[in-house]
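Trainee: I would like to learn how to read a model like this one. Could you take me through it step by step?

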Amino acid sequence: MSMRKKIGGDLDGPLRGERSGTLRRRSRRSNGGWSGTFLRASAAGTILTVALATALPAFAQSPTYGVGRVPTQEEFKAWDIAIGPDGKELPPGSGTAKAGKAVYDAKCAVCHGPTGKEGPQDVLVGGQESLNTPKPLKTVGSYWPHATTLWDFTNRAMPFNAPGSLTPDEVYAATAYVLYLNGIVGENDVIDARTLPQVKMPNKDAFVPDPRPDVGKGAKAAKK
Ligand code: HEC
């Protein structure tokens, strides 16, 4: 089912599309401009849609001015790297905490500390007993509900000074190591696309699904 969404005043026409990765041309405008968009029907949809709303004008600007173009499938694929909570987009590859120590020591420790607790940047480890106290320490181990998010965030945003530079195996290994430092997985547990989504984060049950229904024309289609 097609969905439509208008994004701000940046685009003259209705934006249409299907799931991410299939940005399609739909309507040729009389002045020669193309307009298009996508909506993603998944838990990560909101984030992606918002992200795209920011990114889109660079690709498909107002037909009034006749600038911009639809991204190629290749360009779109390079950009469309989000991993949702269920991890179904996780790529092949694997890693253990044991292998991850080398990655972490070389590429993460300088900012997050030798054991993830020291900083100077975000503390990644510890705090599991602190959440119900007046001074909660929110770390990957104490706070995050999904282990898959750790893979996704590390893959897209870390190391902070060279995001996107890690191979999938390095991301799996670094993820395993951060989970290991938090006492969540064992040193030799193989973390891959199958096992990572099964990792139960300590604070998972403290998160509840948002009960509010989606609204608008896309709401029905967005439901799985
Ligand atoms: C050059 C410094 C630097 C390096 C190197 C670095 N990080 Fe980070 N990291 C940061 C900063 C700064 C933030 C906060 C980013 C933000 O809030 O947008 C962060 C945030 C994070 C977070 C999110 C923490 C939270 O609770 O929100 C994780 C997880 C993380 N880094 C993992 C890693 C891993 C794994 C590596 C190594 C592969 C790494 N980082 C390397 C600077 C760094």
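Mentor: We will go from confidence to overall layout, then to helices, the core, the backbone and the ligand.

Trainee: Where should I start, and what is the mean pLDDT of the protein?

Mentor: Start with confidence, since this is a predicted model. The general idea is that where pLDDT is low, the predicted coordinates should not be read in detail. Here the mean pLDDT of the protein is 79, with 69% of residues at 70 or more. Residues 1-53 call for care: pLDDT stays under 50 there, although the model has 101 contacts beyond four places in sequence for them.

Trainee: Next, the layout. How many helices and strands are there in the protein?

Mentor: The protein has seven helices and six strands. Read from the N terminus, their order is β-β-β-β-α-α-β-α-α-α-α-β-α. Two totals help as well. Of the 224 residues, 30% count as buried. And among contacts between residues at least 6 apart in sequence, 55% join residues at least 24 apart.

Trainee: How do I read a single helix, say α6: is it mostly covered or mostly exposed?

Mentor: The general idea first: an α-helix has 3.6 residues a turn, so residues three or four places apart point the same way. As for α6, the helix is mostly covered, with twelve of its 14 residues buried. Among the buried ones are E170, V171, Y172 and L181. Its length fits too: from first C-alpha to last, α6 reaches 20 Å, close to the 20 Å expected at 1.5 Å a residue.

Trainee: Which elements do the buried residues of α6 pack against?

Mentor: They pack against β5 (94-95), α3 (97-107), α5 and β6 (191-192). You can check this from the other side: α6 is part of what covers the buried residues of α5. Those buried residues of α5 are A147, T148, L150, W151, D152, T154 and N155.

Trainee: Which residues touch the most other members of the largest nonpolar core?

Mentor: That core has 30 residues, and A174, A176, Y177 and V178 touch the most other members. The elements giving two or more residues to this core are α3, α5 and α6, and the largest share, ten residues, comes from α6. Take V178 as a case to click on: leaving out residues up to four places away in sequence, V178 touches G116, L124, V140 and L150.

Trainee: What should I look for in the backbone, and which peptide bonds are cis?

Mentor: In general, most residues other than glycine have a negative phi, and most peptide bonds are trans. In this model, the bond from G119 to P120 is cis, with omega near 15°, and P120 lies in the loop between α4 and α5. The bond from M158 to P159 is cis as well, with omega near -10°; P159 sits in the loop between α5 and α6. For phi, look at G183, which follows α6 and has a positive value, near 75°.

Trainee: Last, the ligand. Which residues come nearest to the ligand?

Mentor: Of the 19 residues around the ligand, C108, C111, M158, P159 and F160 come nearest. The elements giving two or more residues to this shell are α4 (109-112), α5 (147-157) and α6 (168-181). By class, the shell has twelve nonpolar, five polar and two charged residues. Notice that P159, one of the nearest residues, is also the proline of the cis bond from M158.

Terms used: Residues numbered from 1 in each chain as written. Predicted model: local features only at pLDDT ≥ 70, side-chain atom pairs only at ≥ 80, totals over all residues. Near = placed C-beta within 6 Å. Helix = DSSP H or I, 4+ residues; strand = E, 2+ residues; numbered from the N terminus. Nonpolar A, V, L, I, M, F, W, Y, C, P; charged D, E, K, R; others polar. Buried ≥ 20, exposed ≤ 12 C-beta atoms within 10 Å, placed from the backbone. Contact = placed C-beta atoms within 7 Å. Expected span 1.5 Å × (residues − 1). Core = buried A, V, L, I, M, F, W, Y, C linked by C-beta atoms within 7 Å. pLDDT = per-residue confidence, 0-100.
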